[in-house]
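Trainee: Can we go through this one together? I'd like to start with the pockets.

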Amino acid sequence: PVMPPLVRGTVTAVIMALGLQMEAKYIKVATVDPTTGERRQPNVFTNPTQNAQFLSTQMQSAGYFQLDDTQVLVLTINPGDAGYFVVPVTNDWTITDNYWDQQTSLNISQAVKNADGTYTIVVSPQDPEIYNWVSTGGLNQGTISIRFQDLPEKPTNLPTVSSQVVSLDHVEGQRLVAGH
């Protein structure tokens, strides 16, 4: 049976409204501090939290980046008891763009570990020609939700994340991975 135009229009409007609500919810994870409710600053990533009650073995450090073409975001990640982490770059609508042509994410098995067990991940629109680069896919603004998984139910060594913005020429061509 064919759906009458009025019903089809109503169904479309409801689906769009639900989609916008979900989109706003995802963007809020990246832009609002879960503890204070205040807007996060760009390029500031902090220690992960459990923001989904039903995922007891997952934690996230979410935020957003704003970089010009001469800047890089340096993330220092200590996975702690997590057996897995991933650093995915998405656009403002939390959609991964052009991952087939550019490495817009990096996980624990792809990344090179520092001698002290941490990982130094560099996020930037330009390739700094270093280990552990994650491309923004050409974006100067977007979101990152660093996920930590495979955690014990009661971890004793929680993952940590810190971030800083430096100039591209500060890191270009450097190894940035201690012990390599």
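Mentor: First the term: a pocket is an open set of grid points with protein on both sides within 12 Å along at least five of seven lines. Keep in mind that this is a predicted model.

Trainee: OK. How much space lies in the second largest pocket?

Mentor: The second largest pocket holds about 200 Å³.

Trainee: And which residues lie nearest its centre?

Mentor: Val-29, Val-32, Asp-33, Pro-34 and Arg-40 do, out of 14 residues in the lining. By class, that lining has 7 polar, 4 nonpolar and 3 charged residues.

Trainee: Which elements supply at least two residues of that lining?

Mentor: Helix H1, residues 5-31, and strand S1, residues 59-66. S1 gives the most, with 3 residues.

Trainee: Let me step back to the fold. What pattern does the protein follow along the sequence?

Mentor: The order is α-β-β-β-β-β-β-β-β-α, which comes from 2 helices and 8 strands.

Trainee: How much of the protein counts as buried?

Mentor: Of its 180 residues, 35% count as buried. As for contacts with a separation of 6 or more, 71% of them are between residues 24 or more positions apart.

Trainee: Now the interior. How many residues are in the largest nonpolar core?

Mentor: The largest nonpolar core has 23 residues. Leu-75, Ile-77, Ile-121, Ile-144, Ile-146 and Phe-148 have the most contacts inside that core.

Trainee: Which elements give two or more residues to this core?

Mentor: S1, strand S2 (71-78), S3, S5 and S7. As background, nonpolar side chains tend to be buried together in soluble globular proteins.

Trainee: Take Ile-77, then. What is Ile-77 in contact with, leaving aside neighbours within four places in sequence?

Mentor: Ile-77 contacts Phe-85, Val-87, Thr-118, Tyr-119, Ile-121, Ile-146, Phe-148, Thr-160 and Val-161. Another core lies apart from the largest one. That other core has 7 residues, among them Val-72, Val-74, Leu-168 and Val-171.

Trainee: I see rings in that contact list. How many aromatic pairs does a search of the whole structure find?

Mentor: The search finds 2. In one of them, Phe-85 and Tyr-119 are edge-to-face, 5.0 Å centre to centre with 75 degrees between the planes. This pair links distant parts of the chain, with Phe-85 in strand S3 and Tyr-119 in strand S5 (residues 119-124), 34 residues apart.

Trainee: Are those two buried or exposed?

Mentor: Phe-85 has a relative accessible area of 0%, so Phe-85 is buried. Tyr-119 is at 4% and is buried too.

Trainee: Why is the pair of Phe-85 and Phe-148 called tilted?

Mentor: Because the planes of Phe-85 and Phe-148 are at 45 degrees, with the ring centres 6.1 Å apart. Edge-to-face needs planes over 60 degrees apart and stacked needs under 30. Here Phe-85 in strand S3 is linked to Phe-148 in strand S7 (residues 141-149), 63 residues apart. Ring pairs thus join Phe-85, Tyr-119 and Phe-148 into a cluster.

Trainee: Different topic: Thr-57. Where does Thr-57 lie?

Mentor: Thr-57 is in the loop between H1 and S1. Its relative accessible area is 34%, so Thr-57 counts as partly exposed.

Trainee: What does Thr-57 touch, not counting residues up to four places away in sequence?

Mentor: Thr-57 touches Gln-50, Phe-148, Gln-149, Asp-150 and Leu-151. Also, Thr-57 and Glu-153 are 6.0 Å apart, C-alpha to C-alpha, although 96 residues separate them in sequence.

Trainee: Last thing, cavities. How many of 30 Å³ or more does the structure hold?

Mentor: The structure holds 1. The largest cavity has a volume of about 30 Å³. Val-89, Thr-96, Asp-97, Thr-104, Thr-136, Gly-137 and Leu-139 line that cavity, and by class they are 2 nonpolar, 4 polar and 1 charged.

Trainee: And Asn-91, what is Asn-91 in contact with, leaving aside neighbours within four places in sequence?

Mentor: Asn-91 contacts Asp-97, Leu-139, Gly-142 and Thr-143. Asp-97 and Leu-139 are also in the lining of the largest cavity. Asn-91 lies in the loop between strand S3 (84-90) and strand S4 (105-107).

Trainee: Why does Asn-91 count as buried?

Mentor: Because its relative accessibility is 10%, and buried means under 20%.

Technical notes: Residues are numbered from 1 along each chain as its sequence is written. This is a predicted model: local features need pLDDT of at least 70, side-chain atom pairs count only at pLDDT 80 or more; totals for chains, interfaces and linings use all residues. Side-chain values use heavy atoms; hydrogens and water are left out. On a 1 Å grid over the protein atoms alone, a cavity is a set of points where a 1.4 Å probe fits but cannot get out, and a pocket is an open set with protein on both sides within 12 Å along at least five of seven lines; lining residues have an atom within 4 Å of a point. Grid points are joined across faces, edges and corners, and a volume is the space filled by probe spheres set on the points. Helices (H or I, at least four residues) and strands (E, at least two) are DSSP runs, numbered from the N terminus. Ala, Val, Leu, Ile, Met, Phe, Trp, Tyr, Cys and Pro count as nonpolar, Asp, Glu, Lys and Arg as charged, and the others, Gly among them, as polar. Buried means under 20% relative accessible area, exposed over 50%, partly exposed in between (1.4 Å probe, protein chains only). Contact means heavy atoms within 4.5 Å. Rings of Phe, Tyr and Trp (its six-membered ring) pair if their centres lie within 6.5 Å; planes under 30 degrees apart count as stacked, over 60 as edge-to-face and the rest as tilted. A nonpolar core is a set of buried Ala, Val, Leu, Ile, Met, Phe, Trp, Tyr and Cys residues joined through side-chain atoms within 4.5 Å.
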